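Please take me through this structure as I have it open in the viewer, telling me what to select at each stop and what I should find there.

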Amino acid sequence: MKRFLTLATTAALVLGSTNAVAFSSTFADINTVPWPGAATFIDEAASLGLMSGYTENGKKYCKPRNKVTYCEATQLMYSIMKTYYKQDVTNETITKWKPIMDAYKIPSWAYNAVAYALDKGILVTNDLTKFMKGNTQQNANREDVGVIFGKALGKVYTVDMDAKLTFKDAGSISKASVPYLDLLYDKNIMVGDDYNNFNPKVNINRSEMAVLSVKTYKLLTGSGSTGSTGGTTTKPETPSNGSVTGTIVNVSVLENGDLFCSVKTNTGTGLNLFGKKGTAKAYYDGKEIDFSEIGTGDSVSLSYANGDIKTITVTKSVNGIGSKQTFDLVDMTSNKITVKDGSKEKTYTMADDVKVYLDDKSTTPSRIYSALDNGDDFSVTIYLNADDKVTKLYATTKNDNPKSGLLTDLDDDELTIKVNGKSYDYDVDSDVDVKDELTDYSFSDLKKHYDDTDFYVTLTTNSKNAVTKITVNYAEDEVNGVLTDVTSRKLTIKAQGDTYTYNLDSDVDVKVDGKSKDIDFLKENHEKTSYRVSLTLNRDDDVTDIVAIEESMGESKGIIKRLSSSTIEIKNDKGDTFSYDLLDDTDDIDVTLNGKSADFDDLKDKYKEYDIRAELSFKNKQVSKIVAVNTEADEGELRAIDEDEITILVDGDKFTYDLDDDVEVTLEDDDYTLSKLIKDFEDYENFDVKLKFNSSKSKVTEIEAEYSSSKREVKGDLDGISSSYIKVDGKKYYLSKDFDKDDDVYGDAKDYDDLDDKYDDGDGTDFIIKLKLNSSGEVTRIDAEKD
């Protein structure tokens, strides 16, 4: 295998000695570069530790024309991105994607990179078909590598999904690739050849990868121009024995636990060094620390022998270093954390600049203690400084009791479900209940059929974690599945990867979502809506009964945690995460954001900035509709309220949220009740409100109300109406810019136009009008009541 060292690459890629390698300004074969400017980038990639050469017969070669494989390109992308985010991919992520990677024969040294790319939506599983042919790695073309890097940069920079390319051969580039190649062009990373051709299907070589890697690295780290010269760098010299002081330029812990770092010394030279796990020692403030606590930018002093680090001491830490300890989390506030240490509890104060992470993502203390209040459990790893204050905190969700999965075993006392390849056992309560929207299955029916049918279930448990209720989300066998086609005479379903076609009985009975329909209803709607069906067959295998429900895929509501061009991931109220495929063309997805029709890309941008709660609809197991609301729009003018819902107006947009059964209400900081707030609002009192949500953002738990600055009550006879004002008892009241003529009219008129029509027909004097006004005296709501 090639000796192709990428920053933080796995040991499998670094063949030969793990001692540091000297990078001079040229390689023995530097004169063989495809174009003169490539030499600068190859030297710079080497000096940054991004790419290494090949040592043969005592000489070092860069082999600039050698092709690069998909695995190597993905590894290089991952190495740069994890340097930018200062985070490795988690073991949980690797475990999640391992069955997929094994199926496509991805080599184990590339697991971290490929799992990262799959989890971030940079790769989809179908992309892996290009990576290997048997056990042989395949060479990557320029378009595919550009997309990999473009999607990675798309996590940091905005991608123009409507971009156009001006290359002469742009017609040879797939439409899906254009936005990401445009981003690389915009950032001066991949700009084509001297003839304005991109050459998308040509295999990328090491020289081109050097340009791509150096420019991407420097763009993300802000370490210099990404222009054609490649910038100026200090070339690392050959280390032998000695000691130096300097600054960490690049650092990473390899899969085998060894440390790799590039150091710019105080004399201006550079060193690339390896520290072997178990041999090299790292220190800070007189205490031994883990390699992982050393960061880019840290000031260090180190000693080395034969190119290997003996000791490395951090004298100044950019991000803070301390002793590391792991506990179960008990409680947390904005500045303190309580943990369980054995049988005792300990409380620590958090430093003012504490860095907090939840499941490897940056977060705030409030997010974690809100989840604690909702019953979630966490383990935490904390780093303490010399003052015993927490400088870094990594919280990991405990998910030892998943409640949704495939039913794999069932008897009177126990059941087993399978989730992400793991099995979980539960005791079954003697009075267990079974709920199934499609059939009238009983507990005994489930026991009888689970071996032959794939039942996907959600469990409800009691305080002893015994199952009291089994909800069948959907089932798959020869008569339970997804409806794929229907005519007047035949019906086809898909289940367990197979298709089954049946003739219809002439008197077939059809029920859809609990209501009686005819077969024509399914014929007209099945292509627009995905239906999960249960069939009843007679002795001739003709379908006599069809029970259908709109497919919900089990979990369809939650906070959007990740959204790519191919998948959406949501977290439900219980804290469980579910990932679903999107329609192949995202333009076909019906998206509603904050009550208004929106583009998919609008939602893709917004979910990164705010907590967006979404309800999904499906078609053939792919998400076809997303109804989304920004749950961080929590402060505005009260526009509607009842026992179940509240609607507020924020910057011209309306947001409607469900109310918790025990919602707390205050008015001007005094205790109040929901019923009083509803009554006062109906009596035309004006309120501004601030809302607080539960940890899953599914329901409002607190309403803090204040009186608005002006009274908005007007009541009288309707005397006139126009497109911009309404006249009540002879006085004109102009409509506010936020007034919605379709939604803000109540009572005996369907909408504003309906009220206008009835007034023009001579019915106006029969209406008693109640107006609600804003602080400027403009109309925000009309109630029309026939006198």
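Select Y85 to begin: in this predicted model Y85 is partly exposed, because its relative accessible area is 35%. Add Y84 to the selection, which at 30% relative accessibility also counts as partly exposed. A search of the whole structure finds 12 aromatic pairs, and these two tyrosines make one of them: the ring centres of Y84 and Y85 are 4.9 Å apart and the planes stand at 75°, so the pair is edge-to-face.

Next, extend the selection to helix α2, residues 70–85. With 16 residues at 1.5 Å a residue, the helix should span 22 Å, and the distance between its end C-alpha atoms, 22 Å, agrees with that expectation. Colour α2 by accessibility and 14 of its 16 residues come out as buried, so the helix is largely enclosed by the rest of the structure. Just after α2, select K86, whose phi is positive, at about 60°.

From here, show the largest nonpolar core, which has 70 residues, and within it pick out M77, M101, V114, F131, F149 and M209, the members that touch the most others. The elements giving two or more residues to this core are α1 (38–47), α2, α3 (91–103), α4 (111–119), α5, α6 (178–186) and α7 (206–221). Of these, α2 gives the most, with eight residues. Centre the view on F131 and display its neighbours: leaving aside residues up to four places away in sequence, F131 touches Y70, C71, T74, I106, V114, L123, T136, Q137 and Q138. A separate core of 25 residues lies apart from the one just visited, and V665, I678, F687 and I703 are among its members.

Return to the aromatic rings and select F167, Y185 and F198, which ring pairs link into a cluster.

Then move to Y383 and K392, where the charged end of K392 sits over the ring of Y383, 4.6 Å from the ring centre. How accessible is Y383? At 7% relative accessibility, Y383 counts as buried, since the cut-off for that class is under 20%. Now add Y394, which at 24% relative accessibility counts as partly exposed. The rings of Y383 and Y394 have their centres 6.0 Å apart and their planes at 70°, so this pair too is edge-to-face. Because Y383 lies in strand β16 (residues 378–384) and Y394 in strand β17 (residues 390–397), the pair ties together parts that are 11 residues apart in sequence. For another charge placed over a ring, select K517 and F521: K517 lies over the face of F521, at 4.7 Å from the ring centre.

Finally, zoom out to the whole chain, which has 13 helices and 47 strands. Of its 787 residues, 49% count as buried, and among contacts between residues at least 6 apart in sequence, 58% join residues at least 24 apart.

Colouring by confidence is the last step. The mean pLDDT of the chain is 80, with 87% of residues at 70 or more; among the elements, confidence is highest in helix α5 (residues 142–153), at a mean of 94, and lowest in strand β15 (residues 361–363), at 66. Over residues 1–25 the pLDDT is below 50, although the model gives this stretch 85 contacts beyond near neighbours in sequence. The pLDDT also stays under 50 over residues 225–239, for which the model has 46 contacts beyond four places in sequence. Where pLDDT is low, the predicted coordinates should not be read in detail.

Terms used: Residues numbered from 1 in each chain as written. Predicted model: local features only at pLDDT ≥ 70, side-chain atom pairs only at ≥ 80, totals over all residues. Heavy atoms only, no water. pLDDT = per-residue confidence, 0-100. Helix = DSSP H or I, 4+ residues; strand = E, 2+ residues; numbered from the N terminus. Contact = heavy atoms within 4.5 Å. Expected span 1.5 Å × (residues − 1). Buried < 20%, exposed > 50% of the residue type's maximum accessible area, 1.4 Å probe, protein only. Phe/Tyr/Trp six-rings, centres within 6.5 Å; stacked < 30°, edge-to-face > 60°. Lys NZ or Arg CZ within 6 Å of the ring centre and 35° of its normal. Core = buried A, V, L, I, M, F, W, Y, C linked by side-chain atoms within 4.5 Å.
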